[in-house]
Amino acid sequence: MLMPRGRKGPPQESVDSILLAISRRDDIDPETLSHYFDRLDEEWTHGAREKVLHLLRSNDASAHAAAVLILSELATDFDLEGLEDFITDPTVSDMAKLALSPVLKELGSEMADDGIIEYLNDPATAMHQMQMRLLELVGQNEMGIESILEDVIAMPVERRLAFINWLGNSNDPRAANLLVPLLENQTGKVVSAVIEALEQLGTVTIHQTIPALNYTIATSSNRQVKQQARAALGRLMMQSVPGVEEDVMSESRQLALPPHEARVSFIDGSGSQLIMLAWQRPDGMLKGINILYQDQWGIKDCYGIHEMDKERWDELAASLDERGFGSFLVPFAHGRALAIEARALNKRTRRKLPIAYSIWRPLIEAEDDKVAAAAATMQEPYPLDEKVLSLAQRGDELYKMSEFMSWMYEPTSRIEPYISRYWAANGASGSSGRRSRSRKGKQKDGLHELLMDQLVNEALTELIDDRWRLLYEARLRRQAALFRFVKREEDANLLGVVAALLHPDSGIAIHEQAFPRAMMRMSIEQGPLLMMVESLEMGNLGPTPLNIFDGKDR
């Protein structure tokens, strides 16, 4: 007998009780939900599918949501014909048909999206009801906004513009929650439409529109967009009472949630770092965000959670250590400054921000700019003197710290010729049969050491340039700042002196420095393992998932 996922055995709930639970409860844990899906799957062709579709015949939005959740998990190509027949049934409500659109799209049906329209009894009313339901979802929390905007930015441009135009004409203040994040990372045409829509909403959203337009004016590199935003802001000011702009900006700072805690991981060998920020909600719960910062990209990923208790936050922080990322408790200003620094790097590198960051940005960057600027993200550089030069000779000791075990030379492809030469020599010297350790062992070890020194010198000369030195000098000083926060003064001091030598202005040749020599040596010795890991990350397995906010959180 097939056992349900995550369960060791019975009880076997009825299909009806499972459907009732999923329709009425929003606190089902992932293990129980997985068990429910298994039970429904067992009974899928024995009446469960029909009962799920029956949920869509009700007028209950919760029942509709439950049906779509179940169908998204269990429906396959074999169910497509039945779902399409359901769409063509004139007795089924228009809202139920529209609710099925994402399921049909996932299954590749031609009825998805616009294909449903011709089967609606009252298309205009149905679309209006669906749009109002979207605004209800938007009004709940950031997660609802993110869910909708992920779909919006995937739309063809003309459909996206039509949706933005509808938001502007909705006269609903919740529409601004969707419009404001679209001011970032969109084409000039889309941003222009968003500004028009915000102006169309008028004073009903003035408390969101004024900060958003000011931010666009200050940060946009598109002159036409800046001019349009400035003109729209001026017209909105004329419609408002005098002094409203100052009042709104002051009020937005006062309404910012108080910070709870900031944690960051150490910087890994690729220059990546996790930033965790949490704020205290008025009801005592927390809301938080997890940001992946890569120092040659900016913000690569971003995940938020609207509601969790403090115990759950502590569990997530502890899980960083279990997953090998490490967790440093840092001042909130430092965590925020890292996030702002990462966002600025996205702009310089012209990398798109994740839409989640655009949604959470007003909360992340709510602190006064002067306070954020005062929060240094890296340790100050050390002057180059005799003491620094002496201590820097211990640079290879960095690899005694667990935080540096992933610091290998990248990309592996450039160092591969040196890896191949080293391991080819090892294979050749080890294939000549048995030899007495006392007679040959020491000689062989000496030859290996000479070869390694030669390869390290060649690799450092060929592969290391000033850009590489500046990159790793900055990484070392950022890591040193973290060590200071946890009172690892001696370790931070060692990082500081190694960074001072690594800077191109030090005048110290790269092959004379202990740290880069140790890095290159370890990279060559562990080359086969590095290449295997790199090939796995490029294959189907993909990189390690970094969303630590799992299904237990909402």
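This passage walks through the fold of a predicted model, from the overall make-up down to single residues.

Start with the big picture. The protein contains 26 helices and five strands. It runs to 554 residues, and 48% of them count as buried. About 28,100 Å² of the protein is exposed, with carbon and sulfur atoms supplying 52% of that area. As for how the chain folds back on itself, take the contacts between residues at least 6 apart in sequence: 70% of these join residues at least 24 apart.

Now to the sheet. The five strands form an open sheet in the order 4-3-2-1-5, and the pairing is antiparallel. Strand 4 (298–308) and strand 5 (328–330) sit at the edges with a single partner strand each, so one side of each has no neighbour in the sheet. On average, neighbouring strands here are turned by 20° against each other, direction ignored. In general, the strands of a sheet pair through backbone hydrogen bonds, in either a parallel or an antiparallel way.

At one edge, strand 1 (residues 259–264) and strand 5 run antiparallel and are joined by three bridges. Within this pair, Val-264 stands opposite Phe-328 of strand 5. Two helices pack on the sheet. Helix 16 (residues 310–322) touches strand 1, strand 2 (272–280), strand 3 (286–294) and strand 4, and its direction makes about 170° with that of strand 2. Helix 23 (residues 466–485) touches strand 1, strand 2, strand 3 and strand 5, with its direction at about 80° to that of strand 5.

At the other edge, strand 3 and strand 4 run antiparallel and are held by eight bridges. A hairpin of three residues links strand 3 to strand 4, and Gln-294 stands opposite Gly-298 in strand 4.

Strand 3 also offers a residue worth a closer look, Ile-291. Is Ile-291 buried or exposed? Its relative accessibility is 0%, and the cut-off for buried is under 20%, so Ile-291 counts as buried. Setting aside neighbours within four places in sequence, Ile-291 is in contact with Gln-273, Leu-274, Ile-275, Ile-299, Asp-301, Cys-302, Ala-339, Tyr-357 and Ile-364. Ile-291 and Leu-277 lie 14 residues apart in sequence, and their C-alpha atoms are 8.5 Å apart in space.

Back to helix 23, which has a helical partner as well. Packed helices in general are described by the angle between their axes and the distance between the axes. Helix 23 and helix 24 (residues 489–502) pack at about 165°, and their axes are 8 Å apart. Angles over 145 degrees count as roughly antiparallel, so helix 23 is roughly antiparallel to helix 24. The crossing of helix 23 past helix 24 is left-handed. On the helix 23 side, the residues making the contact include Trp-468, Tyr-472, Leu-476, Ala-480 and Phe-483. Helix 24 contributes, among others, Ala-492, Leu-495, Val-498, Ala-499 and Leu-502.

The loop between helix 23 and helix 24 holds Lys-487. This residue has a positive phi of about 65° although it is not a glycine. Lys-487 counts as exposed, at 66% relative accessibility. Asn-171 also has a positive phi, near 55°, and is not a glycine. Asn-171 is found in the loop between helix 10 (157–169) and helix 11 (175–179), and is exposed with a relative accessible area of 57%. For context, most residues other than glycine have a negative phi, and most peptide bonds are trans. The bond between Glu-410 and Pro-411 is cis, with omega at about 0°. Pro-411 is found in the loop between helix 20 (386–391) and helix 21 (412–429).

Last comes Tyr-36, in helix 2 (residues 30–42). Its relative accessibility is 8%, so Tyr-36 counts as buried. Leaving out neighbours within four places in sequence, Tyr-36 is in contact with Glu-13, Ile-18, Ala-21, Ile-22, Arg-25 and Ile-28. Tyr-36 and Leu-19 are 17 residues apart along the chain, with their C-alpha atoms separated by 8.7 Å.

Notes: Residues are numbered from 1 along each chain as its sequence is written. This is a predicted model: local features need pLDDT of at least 70, side-chain atom pairs count only at pLDDT 80 or more; totals for chains, interfaces and linings use all residues. Side-chain values use heavy atoms; hydrogens and water are left out. Helices (H or I, at least four residues) and strands (E, at least two) are DSSP runs, numbered from the N terminus. Buried means under 20% relative accessible area, exposed over 50%, partly exposed in between (1.4 Å probe, protein chains only). Contact means heavy atoms within 4.5 Å. Accessible areas come from the Shrake-Rupley method with a 1.4 Å probe; for residues, only the protein chains shown count as cover. Two strands pair if DSSP finds at least two bridges between them. Axes are lines fitted to C-alpha atoms, for helices over the stretch in contact, and angles run from 0 to 180 degrees between N-to-C directions. Angles under 35 degrees count as roughly parallel, over 145 as roughly antiparallel, 65 to 115 as roughly perpendicular and the rest as oblique. A crossing is left-handed if the near helix is turned anticlockwise from the far one by less than a right angle, and right-handed if clockwise.
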